[in-house]
Amino acid sequence: MSRKQDRILRTKLPERLCHWAIVLCFFLAATSGLSWFFPTFSWMSGLLGTPQMARLLHPFLGIAVFAGLCFMFVRFVKYNLPARTDALWFRNVADVILNRHGAPLRIGKYNAGQKVLFWLIMLSIVLLLVSGLIMWRAYFAEFFPIPVLRLAILAHSVAGIGLILLILGHIYLAIWVRGSITGMVTGYVSRAWVRQHHDRWAAELDAQDAEARK
Ligand code: HEM
C-alpha cells in the first residue's frame, strides 16, 4: 500500500484512467441511446456529430464500456465480495444516509451499498452487451428470429435505463461523500477520510504499518 505523508493510495493510475475512459464512452453511448428512446432527447444524437454517426458509433462505445468494466471487474472484484460485516452496514443504513456517526460499522475498502452497485453495474453491462449484439443490424440481427429481436430490444432498453439510473445514483453519492471524487482523480484520500468512511480498511492499514515498522 503506497502512502505519501498522510495520504493513502486508494485507486491506482490504470484503474483511474480506465474509470474516466468508461465515463466518457458511457456518456456518449447513453446520450445517443436516450436520443432514440425519448423523442425529447433526440437532439442528444448530435453530440456525436450527426444522428448517422451516433447510430454507427453507439455499439462500439458500448463495447468500449464493456471492455473497461471487464478490467474494473478484475481489479475491484476482491473488494466487492460479500463480507459478514456488510449486514451491519445494511442495518444502519439510515444513520449512514443521515451522516450520523455512531458505533463503527466495520466497513472494508468498499461499503455494502457500493458492493451492491458494483454487481448491478456488472449485471447491467452483460445484459446490454448480449442484447446489443443480438439486435446489431450491421452484423448479427439477421441471424435471429423476430421474437428474439423483440426480447433483445426490450432487455436492452430496460438494462440501459436501469444502468443510467444506477450511474446517476453513483454520481450523486460520489459528490455527497466529500473527498471520493478527488480520490478517483488523484488516486489519494486522506487518512481521516479512510477512518471516517472505511473503518475496517483503516484498521487493516494500521496493522500493515505496525507490521512494516517491526
Ligand atoms: C461523472 C461520472 C462518474 C463519477 C463522478 C464517478 C465517481 C466515482 C468515484 C469517486 C469512485 C470511487 C469511490 C470510492 O473510492 O469509494 C468510483 C468508482 C467506481 N465507478 Fe464511477 N463515477 C462516474 C461514472 C461511472 C460510470 C459511468 C461507471 C460505469 C458504467 C462507473 C463505474 C465505477 C466502478 C465500477 C467503480 C468501483 C466501485 C467499486 O469497486 O465498488 N462510474 N466512481
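Author: A donor is an N, O or S atom within 2.8 Å of the metal. The model discussed here is predicted.

Reader: What makes His19 and His170 protein donors of the iron atom of the ligand?

Author: Their NE2 atoms lie 2.0 Å from the iron atom. The cut-off is 2.8 Å, and N atoms qualify, so both count as donors. The pair links distant parts of the chain. Histidine 19 sits in helix α1, histidine 170 in helix α6, and 151 residues separate them.

Reader: Why is the arrangement around the iron atom called octahedral?

Author: The iron atom has six donor atoms, and their angles run from 84 to 180 degrees. Six donors count as octahedral if opposite donors are over 155 degrees apart and all others between 65 and 115. The arrangement meets that rule, so it is octahedral.

Reader: Why is histidine 19 called buried or exposed?

Author: Its relative accessible area is 15%. Buried means under 20%, so histidine 19 is buried.

Reader: And why does histidine 170 get its label?

Author: Histidine 170 has 30% relative accessibility. Exposed would need over 50%, and buried under 20%. The value falls in between, so histidine 170 is partly exposed.

Reader: How many residues of the protein chain are in the buried class, as a share?

Author: Buried residues make up 37% of the 214 residues.

Reader: How do you know which side chains make polar contacts with the ligand?

Author: The test is a pair of N or O atoms within 3.5 Å. The side chain of arginine 10 has an N or O atom 2.6 Å from a ligand oxygen. For asparagine 80, the distance to a ligand oxygen is 2.8 Å. For histidine 170, the partner is a ligand nitrogen, at 2.7 Å. Each value is within the cut-off, so these are polar contacts.

Reader: What surrounds the ligand?

Author: The shell has 20 residues. The closest are Arg10, His19, Asn80, Gln114 and His170. By class, 14 are nonpolar, five polar and one charged.

Reader: Which helix gives the most to this shell?

Author: Helix α1, with five residues. The helices that each supply at least two residues include α1 (13-37), α5 (112-134) and α6 (146-176).

Reader: What makes up the protein chain overall?

Author: Nine helices and three strands. From the N terminus, the order is β-β-α-α-α-α-α-α-α-β-α-α. The C-alpha trace spans about 65 × 35 × 30 Å along its principal axes. Of the contacts with a separation of 6 or more, 69% join residues 24 or more positions apart.

Technical notes. Residues are numbered from 1 along each chain as its sequence is written. This is a predicted model: local features need pLDDT of at least 70, side-chain atom pairs count only at pLDDT 80 or more; totals for chains, interfaces and linings use all residues. Side-chain values use heavy atoms; hydrogens and water are left out. A residue is near a molecule or strand if one of its heavy atoms lies within 4 Å of it. A polar contact is a pair of N or O atoms within 3.5 Å; within protein, one must be able to donate a hydrogen and the other to accept it, and residues adjacent in sequence count only if both atoms are side-chain atoms. Helices (H or I, at least four residues) and strands (E, at least two) are DSSP runs, numbered from the N terminus. Ala, Val, Leu, Ile, Met, Phe, Trp, Tyr, Cys and Pro count as nonpolar, Asp, Glu, Lys and Arg as charged, and the others, Gly among them, as polar. Donors are N, O and S atoms within 2.8 Å of the metal (3.2 Å for Na, K and Ca); water is not among the atoms, so sites may look incomplete. Four donors count as tetrahedral if all angles lie between 85 and 135 degrees; four count as square planar and six as octahedral if opposite donors are over 155 degrees apart and all others between 65 and 115; anything else is irregular. Buried means under 20% relative accessible area, exposed over 50%, partly exposed in between (1.4 Å probe, protein chains only). Contact means heavy atoms within 4.5 Å.
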